[in-house]
Amino acid sequence: MEIQSIIKQMTLEEKAALCIGASAWSTTPVERLGVPEMIVSDGPHGVRRVPNIHEMASESLPATCFPTASCLASTWDVDLIGKMGQALAEECIALNVDVVLGPGANMKRSPLGGRNFEYFSEDPYLAGEMAANFINGVQSKGVGTSLKHYAANNQEFQRFSINAEVDERTLREIYLTAFEKAVKQAQPWTVMCAYNKVNGTFASEHYNLLTEILKDEWGFEGLVVSDWGAVRDRVAALKGGLDWEMPGPQERRVQEVVTAVQSGKLDEAILNESVRRILRIVSKAAQTPKGGEFDVEAHHELANHIAAEGMILLKNNGLLPLKNQEHIAVIGRSAEKAHFQGGGSSHINPTKVAVPFKELQARAGNAELTYAEGYPTDDSFRQDMIDEAVTLAKAADVAVLYIALPTFKESEGYDRKDLDLTDQQVALITAVSAIQPNTVVVLNNGAPVAMSAWIDNVAAVLEGWMMGQAGGAAIADVLFGKVNPSGKLAETFPLKLADMPAYLNWPGGAGAVRYGEGLFIGYRYYDAKEMPVQFPFGYGLSYTTFTYSNPQVSATTFKDMDGVTVTVDVTNTGDVAGKEIVQVYVHDKVSGLVRPYKELKGFAKVALEPGQAKTVSIPLDFRAFAYYHPEYGQWITENGEFDLLIGASSADIRHTVTVTLESTLDLPCILDKESTIREWMADPRGQVVFGPFYAMMESEARKMFGGGDERYGNEGAIGMDIMEMFNDMPLVSVLMFQANALPMHPEDMVAGLLQQVHKA
Ligand code: BGC
């Protein structure tokens, strides 16, 4: 397809129509010019291909339901998520889908986010790595992706309209970073804008986000698609950088664009640019022939493998792995009816489902398995079900409780109201564990649940997540030790709701939600507040143990642009093979602006046989040390020492290595009329021109306020150290107090100094 020549031949109506869907899931073809339609489908952890593309949500064609993002991120396995991406692409090809709508790279600002199961992490580095590898996997097979929902779409409450009020630095360092990584490392074919507003402007019309940052700064080459129904003003959206509106068709929108161009309200060049981007992706998509079949069994196996890698053993008093049990009481309806995915647009019609109870039975040898439902589908309280479960548990050697958070408590479209399981589930766990010390709780949920009420009384807890269609088998493999669990938390499990960082600013009201906790989400917050949590970010148990030794760095002093590489030896000191996830966090010892105590900047997953040791190597680049400075409007590094914290979790740091960074940045001078004395002295150019006057100014100030007088000392006549106050006042304001002692007016003096620093 010769894109420029096609654009030249297209009528204004054809261009406007191309910029909106022809159906719920397809682009508008231009048959006379040989431009085919392109079909998209949800996403992200399976292909939700509806048979009729004019329907939004009819039963979709069978496809593999892989584990959801919470589980995927808990694998910390970038190669594995790449393989899943490839499998997804194969299913897209078989089901005639050109672009799969995912992955989701939004941050888990609060554990209450109804859609957290579709997102990877509370940490932007980890989420970005996962998203990039997902995209690369899918796109390596000639199928596109849609990185979503850009940006600051972190809650379901009023998600179509709420205004996310988030400061620039927080946006850059927390909410945009995963998108930036994914765009730069993987170039998704499409990016989907969010429904909500960001700082007063709809994400669908946001010139700064869509054009200046995404396209111009990050170099995004694909097309921007609206979330379904996100566009309010079509013309404003085109101007903002939103190329393709979905769903369609909407003739009225086409006419709005035509009229806007005709009346001069919209420059046709802007429309042409969107048309160019859409045609480019449509043409890419057309190069991958569709049809054929995918390998149902192989993909089910892959889903099983991923689920097993993503499950997290949260507690184990030694009961697991199960061995030689004669009678296992299996309790909880999710043992019979697997809860393996979330509700909403990502809901997949699975090719087959591993039933947890049957999978357990298949591995239990001669042990007798009994079953009780334990809790109902709804919110009612059923003591009779608890009594039945207790009777069963009493007679067994071990009780395995399958506890799934019901969909009325967790789904796309609405947020959770609390972190709790249902009252019935809590009562069930409490009653069973009271009579059966060997109680194992297997959780199926997409986000953290509170456990304080019951965790001390149970022997083991396995976080099984929304584990995909094969997860029932993965649970059984982990319980019996066929698989040694190796997942680690990609998000903190708080002790209670009121502990969460966004607690006082959630979920907002009067049309707005204020991101008042700023940079401090997830472990960044709990670190800063020195708060205990139920389970920290990066945590997870294994059936074996690992030691870390011989930490090294490639250089103790390095230039920011060169980065530095950390190595550490990890040894499996237990009796079974296992995998360890080594994490590197960076702590800036002194910084100009406040920074989180530590931030994840690298990780590696390593497989080790018993007794085996391997050297793990983790490179850290410029961005591992930089922070976004809103006054410079860029990422900056500062000279000085950084601690590199090598850990098994965010709360289990095994080694610390200190390195010294030399910044190569030549930052512009940002001193202005309002700059404080401290800012003048901190700026290298400021110090040169103002530094010589500082001592004079100080002695003048002390004189004026009686400081230095032997009666008062540095405290001065009014009982304060005046320089403590002056240092954080604008230079001009301090000089105003000394105007009589100055050879010229303070304003002229500061203007003169500014001239000197800015010409330098
Ligand atoms: C969701 C998107 C999804 C789209 C199409 C929207 O409501 O937010 O994630 O891709 O619907 O189903």
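This report covers the salt bridges, aromatic pairs, charge–ring contacts and nonpolar cores of a predicted model.

## Salt bridges

Side chains of opposite charge can pair when their charged atoms come close. The count here comes to 50 salt bridges. Three pairs and one network are described below.

Glutamate 273 bridges to arginine 276, with the closest N and O atoms 3.0 Å apart. Both residues belong to helix α11, which runs over residues 268–286. They sit three residues apart, so about one helical turn separates them. Glutamate 273 is partly exposed, at 31% relative accessible area. Arginine 276 is also partly exposed, at 24%.

## Salt bridges beyond the helix

Lysine 589 forms a salt bridge with glutamate 641. Their closest N and O atoms are 3.5 Å apart. Lysine 589 lies in the loop between β19 (578–588) and β20 (599–608), while glutamate 641 is in strand β24 (residues 640–649), so the bridge ties together parts that are 52 residues apart in sequence. Lysine 589 is partly exposed, with a relative accessible area of 40%. Glutamate 641 is partly exposed too, at 41%.

Aspartate 652 pairs with arginine 654, and here the closest N and O atoms are 3.1 Å apart. Aspartate 652 has 30% relative accessibility and counts as partly exposed. Arginine 654 is partly exposed at 33%. Elsewhere, salt bridges join into a network. Its members are Arg115, Glu118, Glu156, Arg159 and Glu412.

## Aromatic pairs

A pair of aromatic rings is described by the distance of the centres and the angle of the planes. The model has 21 aromatic pairs. One of them joins tyrosine 525 and tyrosine 526. The geometry is edge-to-face: the centres are 5.5 Å apart and the planes make an angle of 80°. Tyrosine 525 is buried, at 16% relative accessibility. Tyrosine 526 is buried as well, at 6%.

Phenylalanine 705 and phenylalanine 726 form another edge-to-face pair. The distance is 5.8 Å centre to centre, with 80° between the planes. Phenylalanine 705 is in the loop between α20 (684–704) and α21 (722–726), and phenylalanine 726 is in helix α21, so the pair ties together parts that are 21 residues apart in sequence. Phenylalanine 705 is partly exposed, with a relative accessible area of 22%. Phenylalanine 726 is buried, at 1%. Ring pairs also build a cluster from Trp76, Tyr125, Tyr523, Phe537, Tyr585 and Phe603.

## Charges over rings

Two arginines place their charged ends over aromatic rings. The charged end of arginine 109 sits over the ring of tyrosine 515, 4.1 Å from the ring centre. Arginine 623 does this with tryptophan 635, where the distance to the ring centre is 3.5 Å.

## Nonpolar cores

The largest nonpolar core has 169 residues. Tyr150 and Leu479 have the most contacts inside this core. Helix α5 (residues 124–139) gives the most to the core, with nine residues.

Leucine 479 has a long contact list, leaving out residues up to four places away in sequence. Leucines on the list are Leu320, Leu322, Leu360 and Leu462. Valines are Val400, Val440 and Val442. Pro321, Tyr402 and Tyr543 complete the list. A second, separate core has 35 residues, including Ala389, Val390, Ala393 and Val432.

## Arginine 172

Arginine 172 is in helix α6 (residues 168–175). At 7% relative accessibility, arginine 172 is buried, since under 20% counts as buried. Neighbours within four places in sequence aside, arginine 172 contacts Thr177, Ile213, Glu217, Trp218, Tyr628 and Trp635. Tryptophan 635 is also the residue whose ring lies under the charged end of arginine 623.

Leucine 541 offers a point of reference. Arginine 172 and leucine 541 are 369 residues apart in sequence. In space, their C-alpha atoms are 33 Å apart.

Notes:
Residues numbered from 1 in each chain as written. Predicted model: local features only at pLDDT ≥ 70, side-chain atom pairs only at ≥ 80, totals over all residues. Heavy atoms only, no water. Salt bridge = Lys/Arg side-chain N within 4 Å of Asp/Glu carboxyl O. Helix = DSSP H or I, 4+ residues; strand = E, 2+ residues; numbered from the N terminus. Buried < 20%, exposed > 50% of the residue type's maximum accessible area, 1.4 Å probe, protein only. Phe/Tyr/Trp six-rings, centres within 6.5 Å; stacked < 30°, edge-to-face > 60°. Lys NZ or Arg CZ within 6 Å of the ring centre and 35° of its normal. Core = buried A, V, L, I, M, F, W, Y, C linked by side-chain atoms within 4.5 Å. Contact = heavy atoms within 4.5 Å.
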